[in-house]
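Reader: I would be grateful for a close look at one part of this model, followed outward into the rest of the fold. Please begin with a single residue and its helix, and then describe the packing, the charged pairs and the backbone around the chain.

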Amino acid sequence: MNKKALKTLEFDKIIDRLTTHATSPLGQNRCRTLLPLDDFGTIQRMQQETHDALSRLFKKGNVSFGNARDIRPSLKRLEIGSALNITELLAICNLLENCARIKAYGRHENADQARDILDDMFDALEPLTPLSARIRSCILSEDEIADDASSNLKQIRRAMKNAGEKIHSQLSSLLNGSMRTYLQDAVITMRNGRYCVPVKAEYRGQVPGMIHDQSSTGATIFVEPMSIVKLNNDIRELENKEKAEIEVILAGLSEEAAQYQEELRYNLENMVELDFIFARAALAMEQNANQPIFNTRGLIRIRKARHPLIDAKKVVPIDIMLGDTFDLLIITGPNTGGKTVSLKTVGLLTLMGQAGLHIPALDRSELALFHEVYADIGDEQSIEQSLSTFSSHMTNVVSFLEKADPRSLVLFDELGAGTDPTEGAALAIAILSHLHSQGIRTMATTHYSELKVFALSTGGVENACCEFDVETLRPTYRLLIGVPGKSNAFAISGKLGLPDYIIENAKSQISEEDESFEDVLTTLEENRLTIEREKAEIASYRDEVEKLKSQLHAKHEKLDNRRDSILQKATDEAQEILREAKQYADQTMRDFQKFGKNNVDVREMERERQALRERMKKLDDKKTRDEKPKASKLLKPEDLQPGDSVQVLSMNLKGTVSTRPDSRGFLFVQMGIMRSKVHISDLELIDEPVITTPVMQKTGAGKIKMSKSASVSMEIKLLGKTVDEAIAELDKYLDDAYIAHLPSVRVVHGKGTGALRKGVHNYLRRLKYVEEFHLAEFGEGDAGVTIVTFKK
């Protein structure tokens with residue numbers, strides 16, 4: 001694609017928006033180099049990649065590739081056998097950890113789910129967990145190597161610690177002894193990496209040792225006492241050994257990483273490509289875009305297209321067709337009516353589609369594959385090159401005519417403008433006729449009536465216009481294909497207050513043919529508006545009839561089912577009543593026969609009557625249980641707010657609303673320790689007494705009706721605390737956070753010696769409601785922060 005068309009159609013602004021959605025530096029560079037393609041297979045593959053990535057974003061949410069840093073220079077050093085530094089090894093570790101996270105994101109939740117085009121890329125990622133774990137265990141941060149990185153390093157640091165303690169012990173005894181009077185201050189300081197004490201200048205001979213420095217005033221000299229010279233020398237020697245051992249550790253880690261050079265290189269390339277793909281998907285989500293259908297027949301059929309650089313709340317969607325029954329579309333209409341936007345929309349959406357980006361239009365929109373897009377839009381006059389507006393446009397036209405072929409899309413804005421209208425119209429007709437004869441897909445905007453007549457009288461050429469409302473003097477920005485536009489100059493002038501006699505005089509200046517042509521356009525426009533209104537009314541009536549028909553059918557079906565159910569239930573109940581009546585009658589006959597033969601036993605008859613009464617009571621109880629309570633008032637979603645007190649009818653329990661109802665009417669209700677998902681039809685609002693407390697009030701009593709999560713922070717800082725103090729504070733905080741249903745929290749404990757971090761981790765392992773915990777990622781606090789995730 002020629003760079004001029006990319007700039008004219010503002011493709012670079014689309015690239016800028018795309019780049020903001022890439023999360024890694026290399027992914028952003030990949031976005032900046034994106035250009036439209038002309039290979040059909042590659043375009044189809046990129047469109048499918050964008051589609052599959054967009055589906056994953058809808059299902060699983062956003063994903064970050066932020067740690068995919070450029071490790072290619074490090075891989076080059078590994079090839080020649082060099083050892084990597086701490087920063088380079090951490091970059092490799094972060095890449096591998098990020099690969100593991102992205103690989104997990106790419107797994108399907110259901111094993112039977114159909115695979116997509118991205119599965120192979122996710123499957124090919126190699127997290128190399130042993131290598132990343134080894135690097136992470138040895139390197140705590142860019143400034144710190146772990147003591148356990150090697151046994152030698154651990155011994156060296158233990159020896160350094162012991163030597164330091166001895167020095168402090170000896171210096172402390174000197175400070176508190178007879179030397180105290182010779183010192184400027186009773187402190188231990190460092191000069192040139194060696195422990196010293198500040199001695200008053202007049203007593204320099206009283207303190208034997210090596211002088212390393214003096215104050216700016218000369219009143220204080222810094223002396224290394226002779227008793228600790230050897231210990232200082234030992235520490236310097238141990239420091240050199242420590243540096244050498246760290247180099248050995250880094251060399252060993254580099255040697256391990258060198259065994260996986262190809263895997264690391266592919267991981268980096270794959271992560272960058274995935275970042276690029278998901279950036280395209282994120283842009284499609286932002287623009288509410290869809291995958292276009294490409295063809296090689298030169299057919300453009302875009303449904304409800306929106307210019308992606310215009311505010312989505314203000315842009316008016318347009319339907320555009322080109323290349324089916326006509327290959328030349330001439331758009332007319334008043335200024336600021338949307339003609340240029342229509343041109344730019346077609347050109348920009350074509351470039352976006354051929355770059356693998358989804359387009360802001362309805363699904364099943366079709367785009368043609370073009371090898372070149374030529375656009376002459378806007379005023380490009382140049383004082384330096386002595387080019388007028390007409391000359392600059394004609395220069396573009398000449399280059400288009402030389403290069404354009406049937407595989408090109410040509411866009412003209414105000415073709416033939418900037419010169420005599422008669423000559424300009426003639427030139428425009430000749431240029432468009434030449435392109436039309438070659439079968440080149442062309443769109444042009446104009447004000448010339450001659451071009452409207454040309455479109456009406458030429459096969460394969462179609463008129464279009466941008467609708468304008470004369471009553472409000474505002475364009476509607478709707479593109480109407482098949483209808484020539486009208487300038488509306490007289491009507492607009494009259495509405496703006498131009499005297500009628502001037503308008504009548506102007507009308508008398510135009511020829512009868514032009515006037516009759518404008519009258520025909522006016523009549524066509526009025527007829528079109530009438531037909532559209534009638535069509536809209538008919539469509540509305542049809543929808544209403546279909547809706548009523550479906551409702552009536554559903555109502556009849558429901559009544560039929562209910563009638564059958566009632567009849568069946570009545571039949572069953574009648575049979576049961578008859579059966580029981582027969583049993584009672586038989587039992588009564590037997591009782592009469594028994595009591596008639598013998599003397600009547602009143603107590604036995606009373607027992608029989610009591611038994612009959614018990615049976616009747618059981619039937620009444622059963623009927624009461626079968627009659628379920630119903631809500632006195634059918635609630636609406638807007639009637640419920642989190643914190644409202646409700647009665648769950650099916651459970652006969654009281655509870656508190658935890659969430660707002662979803663689209664199907666379901667919501668969560670907290671009933672004591674039980675949290676249940678119920679339908680809104682099963683709830684009834686109840687009045688609960690409002691608890692007031694002076695603790696919460698600022699002015700007057702305040703209602704206690706806030707969730708715990710409103711007062712629980714997502715982060716706790718334990719810096720500067722002992723392990724016992726930190727655990728006590730952490731215990732209460734985690735309880736509050738878990739009760740508040742926070743999904744995860746950050747525990748900031750700092751790096752330091754690692755004792756506080758170890759104590760926190762040991763405590764977290766014992767908590768049953770903690771799902772997992774891990775150190776934060778590099779750049780987000782790493783070893784100084786622990787991320788805790790609660791069980792759901």
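Author: In this predicted model, Gln287 is found in helix H11. With a relative accessibility of 9%, Gln287 counts as buried, because the cut-off for burial is under 20% relative accessible area. Leaving out residues up to four places away in sequence, Gln287 touches Ile14, Arg306, Pro308, Met352, His358 and Pro360.

The helix that carries Gln287 also takes part in the largest nonpolar core. This core has 50 residues, and those with the most contacts inside it are Ile139, Ile145 and Phe278. At least two residues of the core come from each of helix H4 (40-60), helix H5 (72-79), helix H6 (86-106), helix H7 (119-123), helix H8 (129-138), helix H10 (229-258) and helix H11 (261-287). Helix H6 gives the most, with eleven residues. The surroundings of Phe278 can be listed individually: setting aside its neighbours within four places in sequence, Phe278 is in contact with Ala53, Arg56, Leu57, Val63, Phe65, Tyr105, Leu118 and Phe122. Apart from this core lies another, of 47 residues, which includes Leu9, Ile15, Ala279 and Leu357. As a general background, nonpolar side chains tend to be buried together in soluble globular proteins.

The wider fold gives the setting for these cores. The protein contains 21 helices and 27 strands, and buried residues make up 39% of its 792 residues. Among contacts with a separation of 6 or more, 66% are between residues 24 or more positions apart. The protein exposes about 45700 Å², of which carbon and sulfur atoms supply 53%.

What does a search of the whole structure find by way of disulfides? The search finds zero. Two cysteines can be placed by their accessibility: Cys99 is buried at 0%, and Cys138 is buried with a relative accessible area of 1%.

Charged side chains form 35 salt bridges. One of them joins Arg136 to Glu97, with the closest N and O atoms 2.8 Å apart. This pair links distant parts of the chain, since Arg136 belongs to helix H8 and Glu97 to helix H6, 39 residues apart. Glu97 is partly exposed, at 32% relative accessibility. Helices H6 and H8 also appear in the list of elements that supply the largest core.

A second pair is formed by the side chains of Arg115 and Asp123, which meet in a salt bridge of 2.9 Å, N to O. Here Arg115 is exposed, with a relative accessible area of 52%, whereas Asp123 is partly exposed at 44%. Elsewhere, salt bridges that share partners join Arg297, Arg301, Asp324 and Glu366 into one network.

A third pair brings together charge and backbone geometry. The side chains of Glu10 and Lys13 meet in a salt bridge, 2.8 Å from N to O. Glu10 counts as buried at 18% relative accessibility, while Lys13 is partly exposed at 41%. Glu10 sits in the loop between helix H1 (3-8) and helix H2 (11-21), and its phi is positive, about 65°, although it is not a glycine. Most residues other than glycine have a negative phi.

His741 offers a further case of a positive phi in a residue other than glycine, with a value near 60°. This histidine is found in the loop between H20 and S25. In contrast to the buried Glu10, His741 is exposed, at 55% relative accessibility.

The elements that flank His741 return in the packing of helix H21 (residues 755-765), where Leu756, Arg757, Gly759, Val760, His761, Tyr763 and Leu764 are buried. The buried residues of H21 pack against strand S1 (139-141), helix H20 (723-739), strand S25 (744-748), strand S26 (770-775) and strand S27 (785-790).

At the surface, Leu498, Tyr501 and Ile502 make a nonpolar patch of about 310 Å². Ile502 is found in helix H17 (residues 500-509), and is partly exposed, with a relative accessible area of 36%. Ile502 can belong to such a patch because the cut-off for membership is over 30% relative accessible area.

Methods: Residues numbered from 1 in each chain as written. Predicted model: local features only at pLDDT ≥ 70, side-chain atom pairs only at ≥ 80, totals over all residues. Heavy atoms only, no water. Patch = residues over 30% accessible without salt bridge, like charges linked within 9 Å, V, L, I, M, F, W, Y side chains within 5 Å. Areas by Shrake-Rupley, 256 points an atom, 1.4 Å probe, with all protein chains shown as cover. Salt bridge = Lys/Arg side-chain N within 4 Å of Asp/Glu carboxyl O. Helix = DSSP H or I, 4+ residues; strand = E, 2+ residues; numbered from the N terminus. Buried < 20%, exposed > 50% of the residue type's maximum accessible area, 1.4 Å probe, protein only. Core = buried A, V, L, I, M, F, W, Y, C linked by side-chain atoms within 4.5 Å. Contact = heavy atoms within 4.5 Å. Disulfide = S-S within 2.5 Å.
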